[in-house]
Number of protein chains: 2
Amino acid sequence: MLVLKKPDQMRAFSEEQRAQGRTIGFVPTMGYFHEGHLALMRQAKDLADLVVISIFVNPTQFGPSEDLAAYPRDFERDSQMAEQVGVDVIFNPEPADIYPEGFQTTVLVNELIKPLCGVNRPVHFKGVATVCCKLFNIVRPHLAVFGEKDYQQLLVVDRVVRDLNMDLEIVPGPTFREPDGLAMSSRNVYLTPEQRKQAPALIRALRHAQEMVEQGVVERDRILSEATAIIQEQSEAQIDYVELRTIPDLHVASEMPKGRHLLALAVRFGKARLIDNTVLPFPE
Amino acid sequence: MLVLKKPDQMRAFSEEQRAQGRTIGFVPTMGYFHEGHLALMRQAKDLADLVVISIFVNPTQFGPSEDLAAYPRDFERDSQMAEQVGVDVIFNPEPADIYPEGFQTTVLVNELIKPLCGVNRPVHFKGVATVCCKLFNIVRPHLAVFGEKDYQQLLVVDRVVRDLNMDLEIVPGPTFREPDGLAMSSRNVYLTPEQRKQAPALIRALRHAQEMVEQGVVERDRILSEATAIIQEQSEAQIDYVELRTIPDLHVASEMPKGRHLLALAVRFGKARLIDNTVLPFPE
């Protein structure tokens with residue numbers, strides 16, 4: 001497994017592989033791997049000849065009051081885990097090589113970044129869209145895998161790729177969960193034992209909504225209020241949002257939605273802000 | 001000479017040429033060619049194996065009160081001129097193929113777009129940066145030639161390419177002029193005969209500034225006021241700006257500038273807004 005630090009090295013490697021007819025699958029990450037990351041890497045391995053991952057804690061996607069400095073890092077452990085999964089290259093640049101002096105360009109997805117996590121994290125998706133655009137141009141992958149846990153991010157990145165005519169495919173990866181259903185996240189380490197016990201309320205709320213739709217409930221507000229109630233039972237839970245939105249435009253669902261819609265949650269437990277979601281298949 | 005309408009056709013053509021080892025030079029245009037455009041195409045032909053040009057009157061770079069509908073168009077004449085210069089492909093897409101429904105991404109160069117033409121044309125450079133990003137991803141050129149007449153545009157596009165790690169070189173092309181020194185522009189057709197007679201005041205102002213610097217004048221304000229006076233002598237001239245700025249950041253020049261600086265003008269003559277510029281080589 002190669003570790004490349006400089007954008008020029010990374011691009012030269014990819015261009016050479018492409019010239020030899022090999023396909024490249026890419027998983028951009030901020031490191032501190034859990035099984036969810038590894039599942040995305042395995043998925044990329046299944047779909048392409050080579051897997052490149054990036055480990056880059058991107059400063060521009062953290063707001064001024066967010067956890068950039070505290071974001072957990074462990075490159076040694078990460079690289080061992082990546083190697084075991086069969087990753088071919090880790091691209092691990094320094095911030096100064098990604099954002100040299102004079103850097104001033106932002107990729108802005110005007111509508112998709114406004115709702116859900118965009119409300120409380122206004123700079124976040126600008127940073128994500130911009131860094132993904134840069135990483136795609138440096139790594140030159142044929143496809144990139146993004147986890148469905150960050151569903152809004154997946155839609156934003158897919159929109160950037162289409163809107164800027166970038167030559168790669170964005171592939172969604174299923175959310176990987178702990179045995180009790182908590183979605184895996186690097187930020188789960190911030191949970192106290194008591195908060196960790198309460199956190200599976202998110203998946204219970206999502207599963208309850210799935211059951212309601214299976215049983216024929218079609219009223220948006222009934223689903224949202226029952227899902228909200230399940231989370232509010234937890235003493236440490238503070239809800240950021242519980243929302244039902246259209247796919248792929250993330251408009252507010254109508255009162256009697258038809259077809260696939262996204263039920264998305266963001267809930268704070270102390271220092272940890274957890275997100276989760278599911279796609280609800282309303283009858284057409 | 002090929003004329004391609006669809007982005008997919010264009011990209012497939014370029015990928016095939018690249019795979020065969022041929023280099024592609026690109027000149028994006030809004031059509032209605034004059035000798036200035038043809039000079040950029042000849043320059044691209046000198047630098048690359050193949051020349052692709054685009055003809056696309058990009059709606060997103062016109063403000064609501066600007067001349068989108070009136071912008072001069074003549075595809076038949078343009079394609080004959082391009083063929084004579086040896087252009088290999090004209091990419092001539094429809095707006096709906098460049099901006100399909102749901103399109104919502106903007107490439108924003110945060111600082112460079114503020115001064116000079118950015119003051120009175122606030123949406124212009126967002127539109128330019130975004131469409132260039134798209135065109136580069138569709139045409140996949142090794143280099144793209146941009147005229148120095150639109151010097152701010154040249155700096156903006158070069159900044160986008162560097163900031164987003166796009167794999168092409170931006171090459172400046174010298175400004176092509178009428179015998180009396182007026183910079184060629186598709187918008188010169190808007191000039192009345194009297195305005196056309198007055199318009200060379202722009203190049204006279206620039207040349208006067210060059211002579212001042214050659215003769216050792218180093219005071220910014222003296223140069224600006226003498227250049228301004230030459231334009232103000234014209235009865236129909238309305239000055240938008242006469243400014244001295246740093247290269248490549250376009251900061252306001254200091255009172256006693258050192259090294260290369262951009263002297264840039266924008267002047268309205270009736271319906272026509274003309275721009276021109278020169279690089280002044282102050283002593284280091």
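Chain A of this predicted model splits into two parts: domain 1 covers residues 2-173, and domain 2 covers 186-277. There's a second chain too, chain B, and a rotation of 180° with 0.0 Å of shift along its axis lays chain B on chain A with an RMSD of 0.0 Å. That's the relation of a two-fold axis. Here's a tour, starting inside chain A, then moving to where the chains meet, and ending with a few backbone details.

**The two domains of chain A**

- How far apart are the C-alpha centres of domain 1 and domain 2 of chain A? They sit 26 Å from each other.
- Where these domains touch, domain 1 of chain A puts in 13 residues and domain 2 of chain A puts in 14.
- On the domain 1 side of that contact, α5 (117-120) and α7 (151-163) of chain A each bring at least two residues.
- α7(A) gives the most to that side, with 3 residues.
- What kinds of residues does domain 1 of chain A use to touch domain 2 of chain A? The split is 9 nonpolar, 3 polar and 1 charged.

**Where the two chains meet**

- A handy idea to start with: two copies of a chain are related by a rotation about an axis and a shift along it.
- In this model the rotation is 180° and the shift is 0.0 Å, which is the relation of a two-fold axis.
- Which C-alpha of chain B is nearest the axis? It belongs to Val107(B), and it lies 2.4 Å from the axis.
- Both copies use the same surface, since 96% of the contact residues of chain B recur in chain A.
- In the contact between the chains, 24 residues of chain B meet 24 residues of chain A.
- Four elements of chain B each supply at least two residues to the side touching chain A: α1 (7-19), β5 (105-109), α6 (124-139) and α7 (151-163).
- The largest share of that side comes from β5(B), with 5 residues.
- Sorted by class, the side of chain B that touches chain A has 11 nonpolar, 7 polar and 6 charged residues.

**Helices α6 and α7 of chain B**

- You've just met α6(B) and α7(B) at the contact with chain A, and these two helices also pack against each other, at an angle of about 50° with their axes 10 Å apart.
- Are they parallel or oblique to each other? With that angle, α6(B) and α7(B) are oblique.
- The crossing of α6(B) and α7(B) is right-handed.
- From α6(B), the contact uses Phe125(B), Val128(B), Ala129(B), Cys132(B) and Cys133(B), while α7(B) offers Gln153(B), Val156(B), Val157(B) and Val160(B).
- That gives 8 nonpolar residues, 1 polar and no charged ones in the contact of α6(B) with α7(B).

**Helices α9 and α10, in both chains**

- In chain B, α9 (residues 201-214) and α10 (residues 220-232) pack at an angle of about 155°, with their axes 8 Å apart.
- So α9(B) and α10(B) are roughly antiparallel to each other, because an angle over 145 degrees counts that way.
- α9(B) passes α10(B) in a right-handed crossing.
- Among the residues making this contact are Leu202(B), His208(B) and Met212(B) from α9(B), along with Ile223(B), Glu226(B) and Ile230(B) from α10(B).
- The contact of α9(B) with α10(B) holds 9 nonpolar residues, 1 polar and 2 charged.
- Over in chain A, helix α9 (residues 201-214) and helix α10 (residues 220-232) pack at about 155°, with axes 8 Å apart.
- That makes α9(A) roughly antiparallel to α10(A), and the crossing is right-handed.
- The meeting residues include Arg204(A) and Ala205(A) in α9(A), plus Ala227(A) and Ile231(A) in α10(A).
- By class, the contact of α9(A) with α10(A) has 9 nonpolar, 1 polar and 2 charged residues.

**Backbone details to look for**

- In chain A, the peptide bond from Ile247(A) to Pro248(A) is cis, with omega near 5°.
- Where is Pro248(A) found? Look in the loop between β8 (237-246) and β9 (259-269) of chain A.
- In chain B, the bond from Ile247(B) to Pro248(B) is cis, with omega near 5°, and Pro248(B) lies in the loop between β8 (237-246) and β9 (259-269) of chain B.
- Arg140(B) isn't a glycine, but its phi is positive, near 50°.
- You'll find Arg140(B) in the loop between α6 and β6 (143-147) of chain B.

Note on methods: Residues are numbered from 1 along each chain as its sequence is written. Chains are lettered from A and ligands numbered from 1 in the order in which they are written. This is a predicted model: local features need pLDDT of at least 70, side-chain atom pairs count only at pLDDT 80 or more; totals for chains, interfaces and linings use all residues. Copies are superposed by least squares on the C-alpha atoms of residues with pLDDT of at least 70 in both. Two residues are in contact if their C-beta atoms, placed from the backbone, lie within 7 Å. Domain bounds come from an automatic or database domain assignment. Ala, Val, Leu, Ile, Met, Phe, Trp, Tyr, Cys and Pro count as nonpolar, Asp, Glu, Lys and Arg as charged, and the others, Gly among them, as polar. Axes are lines fitted to C-alpha atoms, for helices over the stretch in contact, and angles run from 0 to 180 degrees between N-to-C directions. Angles under 35 degrees count as roughly parallel, over 145 as roughly antiparallel, 65 to 115 as roughly perpendicular and the rest as oblique. A crossing is left-handed if the near helix is turned anticlockwise from the far one by less than a right angle, and right-handed if clockwise.
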